[in-house]
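This report walks through one protein chain, from single residues to the overall form. Please keep the sequence and the 3D view open while reading.

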Amino acid sequence: MKIGEARQIYSAQIKEFQQQKISLAKQKKDLEHKMNILPDGKEQYANEAATLELSYNAVSEKYDEYRNFMEKIMEQHMLLFNAEATKQQGEAMEEYALDQVKLMEVARRIGRGDIVPASDEQKLMEYSMELYMSAKNLAMLSELQDKDRKKHDSLWDDDEEKPDNPDPMDVANDGTLQGAAPEIVSAEEVVASAVGDAGSAV
């Protein structure tokens, strides 16, 4: 099961069981009120109170199980998200450092009076107009010395398309859930099971 799918499924389970807990708590409170108002209320509603208590405890236990499992799902989700984000940051830093080296090389080549592609000059201008102008000033001095000018290819492969990095959230959602998942049952089934078990124990 994918982590994103598990998050949806178990979120729905937690919501269902939380609503059932609220409903059972209200029923218990209403029943306690009846038991306290009527003279023989405690005896009259004893079985119903016991059944409600068993139902509430069973639903609470399953709710806690689902909630604890959801915490594990979220931990796995966060680990995958962070791993992908860190990987992408590392790649971006590496690419940035490589671009810095290339920009310095373009400035050096221009400064020697060599011919560089217009796209490389443009990148240097965008990076630092000051560095670009310094390189151009050096180039003018080099030209005065009548030095042989080399012609260079671009240092960037602009034709090469860089793959888009996936969204870390998508990577985390598409990750495979690790560990055994609790069985999916409805709150009504848990209540019926708790009441049935209590009846068979009598």
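Does lysine 28 count as buried or exposed? At 18% relative accessibility, lysine 28 counts as buried, because the cut-off for buried is under 20%. The model is predicted, and the values below are computed from it.

## Lysine 28 and leucine 52

Lysine 28 is part of helix α1. The side chain of lysine 28 makes a polar contact of 2.9 Å with the side chain of glutamate 53. Leaving out residues up to four places away in sequence, lysine 28 touches Leu52, Glu53 and Tyr56.

One of these partners, leucine 52, belongs to helix α3. Its relative accessible area is 8%, so leucine 52 is buried. Beyond its neighbours within four places in sequence, leucine 52 is in contact with Leu24, Gln27, Lys28 and Leu31. Leucine 52 can also be placed relative to alanine 192: the two are 140 residues apart in sequence, and their C-alpha atoms are 11 Å apart in space.

## The chain as a whole

How many helices and how many strands does the secondary structure of the chain come to? There are 7 helices and 0 strands. Read along the sequence, the pattern is α-α-α-α-α-α-α.

The C-alpha trace spans about 115 × 30 × 20 Å along its principal axes. The chain has a radius of gyration of 35 Å, whereas a compact globule of 202 residues would have one near 17 Å. Of the 202 residues, 31% count as buried. The chain exposes about 13600 Å², and carbon and sulfur atoms supply 53% of that area. Among contacts with a separation of 6 or more, 84% are between residues 24 or more positions apart.

## Helix α3

Helix α3 has 67 residues. From its first C-alpha to its last, α3 reaches 98 Å, close to the 99 Å expected at 1.5 Å a residue. Glycine 113 follows α3 and has a positive phi, near 95 degrees.

Glutamine 76 also lies in helix α3. Glutamine 76 counts as buried because its relative accessibility is 17%. The side chain of glutamine 76 reaches the backbone nitrogen of glutamine 178 at 2.8 Å. Not counting residues up to four places away in sequence, glutamine 76 touches Ile3, Thr176, Leu177 and Gln178.

## The start of the chain

Where is methionine 1 found? Methionine 1 is in the segment before α1, which covers residues 3–37. Methionine 1 counts as partly exposed, because its relative accessibility is 46%.

Leucine 177, a contact of glutamine 76, is also a contact of methionine 1. Methionine 1 and leucine 177 are 176 residues apart along the chain, but their C-alpha atoms are separated by 5.7 Å. With residues up to four places away in sequence set aside, methionine 1 touches Ala6, Ile9, Gly175, Thr176 and Leu177.

## Two nonpolar cores

In soluble globular proteins, nonpolar side chains tend to be buried together. Which residues of the largest nonpolar core touch the most other members? This core has 23 residues, and those touching the most other members are Tyr10, Phe17, Val59, Tyr66, Ile73, Leu177 and Val190. Helices α1, α3 (46–112) and α7 (187–201) each supply at least two residues of this core. Phenylalanine 17 is in contact with Val59, Lys62, Tyr63, Tyr66, Val185, Ser186, Ala187 and Val190, leaving aside its neighbours within four places in sequence.

Apart from the largest core lies another, of 10 residues, among them Leu103, Leu124, Ala135 and Trp156. Leucine 124 is found in helix α4, residues 118–127. Its relative accessibility is 0%, so leucine 124 counts as buried. Outside its neighbours within four places in sequence, leucine 124 is in contact with Leu103, Val106, Ala107, Ile110, Met129, Leu131 and Tyr132. Leucine 124 and arginine 67 are 57 residues apart along the chain, and their C-alpha atoms are separated by 55 Å.

Definitions and conventions:
Residues are numbered from 1 along each chain as its sequence is written. This is a predicted model: local features need pLDDT of at least 70, side-chain atom pairs count only at pLDDT 80 or more; totals for chains, interfaces and linings use all residues. Side-chain values use heavy atoms; hydrogens and water are left out. Helices (H or I, at least four residues) and strands (E, at least two) are DSSP runs, numbered from the N terminus. Buried means under 20% relative accessible area, exposed over 50%, partly exposed in between (1.4 Å probe, protein chains only). Contact means heavy atoms within 4.5 Å. A nonpolar core is a set of buried Ala, Val, Leu, Ile, Met, Phe, Trp, Tyr and Cys residues joined through side-chain atoms within 4.5 Å. The expected span of a helix is 1.5 Å times one less than its number of residues. The radius of gyration is taken over C-alpha atoms; the globule rule is 2.2 Å times the number of residues to the power 0.38. Accessible areas come from the Shrake-Rupley method with a 1.4 Å probe; for residues, only the protein chains shown count as cover. A polar contact is a pair of N or O atoms within 3.5 Å; within protein, one must be able to donate a hydrogen and the other to accept it, and residues adjacent in sequence count only if both atoms are side-chain atoms.
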